[in-house]
Amino acid sequence: MRFLSTVLLTVVALQLAGCKSPPKAAPRDPIKVIGVVSLLPDELSYQKFGITVFNNEKTTRPVGEIFNTAARAGVASALSYGERTVIQESVDAPQLIKSMMSFPGNLDRKLEQINDDLQTLITKDKLDAIIVIAQTFDPPKGINGVRVVVRAGMGYITKVEVMPHVAVIVMDKHLNRL
């Protein structure tokens, strides 16, 4: 009997030894200064699908900085509270977009192409985090950036869709996603 109680006590002790709480994660530094980089287009793509392939059209129209201004203002109004400071980063957007889009792969792989540029902004402005707003593209899934799609019949428009395929990526000062 004594042997059985010793074995039972040993089993219970081993079980309890394995039930310790996981170590707590180190607290993150507070985010007080946030930079915003908006890489949205300065042209809006229009695509019309007609009844036949001969009625299909695709064109672009300039819209200026309206998308970038709206994106930066939206981030600033959403995050400017308390002691947070939101900095509108001025970048060569066409060059960054070209660097990103020249590399195949998903958005994460494309962002790696501009890591040096983002790290320069983080260091220059002493940012705690950076937000990148960019178009997304995945043509097999019909994701083709910011565009308007018009579906037309014989002399009339059946449907108009605005497709804002946009990604908002939030990264800390070490370029890790948050």
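A salt bridge here is a side-chain nitrogen of Lys or Arg within 4 Å of a carboxyl oxygen of Asp or Glu. The model is predicted, so local features need pLDDT of at least 70 and side-chain atom pairs count only at pLDDT 80 or more, while totals for chains, interfaces and linings use all residues. Residues are numbered from 1 along each chain as its sequence is written, and side-chain values use heavy atoms, with hydrogens and water left out.

**Exercise 1. Work out which residues Lys124 and Lys48 pair with, and how accessible the partners are.**

Step 1. Start with the general idea: side chains of opposite charge can pair when their charged atoms come close.

Step 2. Lys124 pairs with Asp125, the closest N and O atoms being 3.9 Å apart.

Step 3. Now the accessibility classes: buried is under 20% relative accessible area, exposed is over 50%, and partly exposed is in between (1.4 Å probe, protein chains only). Lys124 comes out at 52%, so the label is exposed. Asp125, at 23%, is partly exposed.

Step 4. Lys48 has a salt bridge to Glu57, 3.4 Å from N to O. Lys48 is partly exposed, at 25%.

**Exercise 2. Find the hairpin made by β8 and β9, then trace the salt-bridge network that includes Glu161.**

Step 1. Strands (E, at least two residues) and helices (H or I, at least four) are DSSP runs, numbered from the N terminus. Two strands pair if DSSP finds at least two bridges between them.

Step 2. β8 (residues 146–152) and β9 (residues 157–164) are antiparallel and share seven bridges. Four residues sit between the two strands, and Gly155 in the turn has a positive phi of about 80 degrees.

Step 3. Val149 has Glu161 in β9 as its bridge partner.

Step 4. Glu161 also has a salt bridge to Lys159, with the closest N and O atoms 3.9 Å apart. Lys159 is partly exposed at 42%. Through shared partners, salt bridges join Arg151, Lys159 and Glu161 into one network.

**Exercise 3. Lay out the four-stranded sheet and say which helices lie across its strands.**

Step 1. The sheet is open, its pairing is mixed, and the strand order reads β4-β1-β5-β10. β4 (85–88) and β10 (166–172) are the edge strands with a single partner each, so one side of each has no neighbour in the sheet. On average, neighbouring strands are turned by 20 degrees against each other, direction ignored.

Step 2. Look at β5 (residues 129–135): seven bridges join this strand to β10, and the two run antiparallel. Ala129 has Asp172 in β10 as its bridge partner.

Step 3. For the angles, axes are lines fitted to C-alpha atoms (for helices over the stretch in contact), and angles run from 0 to 180 degrees between N-to-C directions. Helix α2 (residues 66–79) lies across β1 (33–39), β4 and β5, at about 160 degrees to β1. Helix α5 (residues 115–125) lies across β1, β4, β5 and β10, at about 145 degrees to β5.

**Exercise 4. Decide whether Arg72 is buried or exposed, and list its contacts.**

Step 1. Arg72 lies in helix α2. Its relative accessibility is 19%, so Arg72 counts as buried.

Step 2. A contact means heavy atoms within 4.5 Å. Neighbours within four places in sequence aside, Arg72 touches Val36, Ser38, Glu65 and Gln88.
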